[in-house]
Amino acid sequence: MTDPAIPRTPSDIPTIRVIAMPADANPAGDIFGGWLMGQMDLAASSIASRRAQGRASTVAVDGMSFLSPVAVGDEVSLYATLESEGRTSMKIHVEAWRRARSGDETQKVTDATFTFVAIGADGRSRALPPI
């Protein structure tokens, strides 16, 4: 039996997996939040562009809180899932998890919901194609 109070790594394959590098860190060796948010946006955009079958643009990010720092050398796994969609927009939930390079224990770092809009050749929003 699993304890719901203990966060578990999603069972899916990560959308993106990346190693945090020194250029992404502050002088104390902690990774910048903006770098992590950028990686999350890349993971969400992968899902959005596939669903939109073309260009999609980030229009909002909701509810990001940093739960734990990421250190240089940590492996960061990003899990993105399409939560809902409208006529032109998509909400994609992304979770970021870290694993120290030398260990097996994982820890949730943050999560957020990204809103994307499908974009047409004219640069304006367009309807999502049928599934």
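In this predicted model, the buried residues of helix H1 are Trp35, Leu36, Gln39, Met40, Ala43, Ala44, Ile47, Ala48, Arg51 and Ala52. A general point about helices helps in reading that list: with 3.6 residues a turn, residues three or four places apart point the same way. The helix itself spans residues 33–52, and its 20 residues reach 28 Å from the first C-alpha to the last, close to the 28 Å expected at 1.5 Å a residue. Glutamine 53 follows H1 and has a positive phi, near 55°.

The cover over the buried residues of H1 includes five strands: S1 (16–19), S2 (56–62), S3 (75–85), S4 (89–99) and S5 (106–118). The largest nonpolar core holds 25 residues, and those touching the most other members are Leu36, Met40, Ile92 and Val94. Two or more residues each are given to this core by H1, S3, S4 and S5, with H1 supplying the largest share, eight residues. Beyond its neighbours within four places in sequence, valine 94 is in contact with Met40, Ala43 and Ala44, and also with Leu78, Tyr79, Ala80, Thr110, Asp111, Ala112 and Phe114.

Threonine 110, one of the contacts of valine 94, belongs to strand S5. Its relative accessibility is 0%, so threonine 110 counts as buried. The side chain of threonine 110 nonetheless has a polar partner to look at: it reaches the backbone oxygen of serine 65 at 2.6 Å. With neighbours within four places in sequence left aside, the contacts of threonine 110 include Leu36 and Met40, as well as Met64, Ser65, Phe66 and Leu67, and finally Val94, Glu95 and Ala96.

Terms used. Residues numbered from 1 in each chain as written. Predicted model: local features only at pLDDT ≥ 70, side-chain atom pairs only at ≥ 80, totals over all residues. Heavy atoms only, no water. Helix = DSSP H or I, 4+ residues; strand = E, 2+ residues; numbered from the N terminus. Expected span 1.5 Å × (residues − 1). Buried < 20%, exposed > 50% of the residue type's maximum accessible area, 1.4 Å probe, protein only. Contact = heavy atoms within 4.5 Å. Polar contact = N/O pair within 3.5 Å; in protein donor to acceptor, adjacent residues only side chain to side chain. Core = buried A, V, L, I, M, F, W, Y, C linked by side-chain atoms within 4.5 Å.
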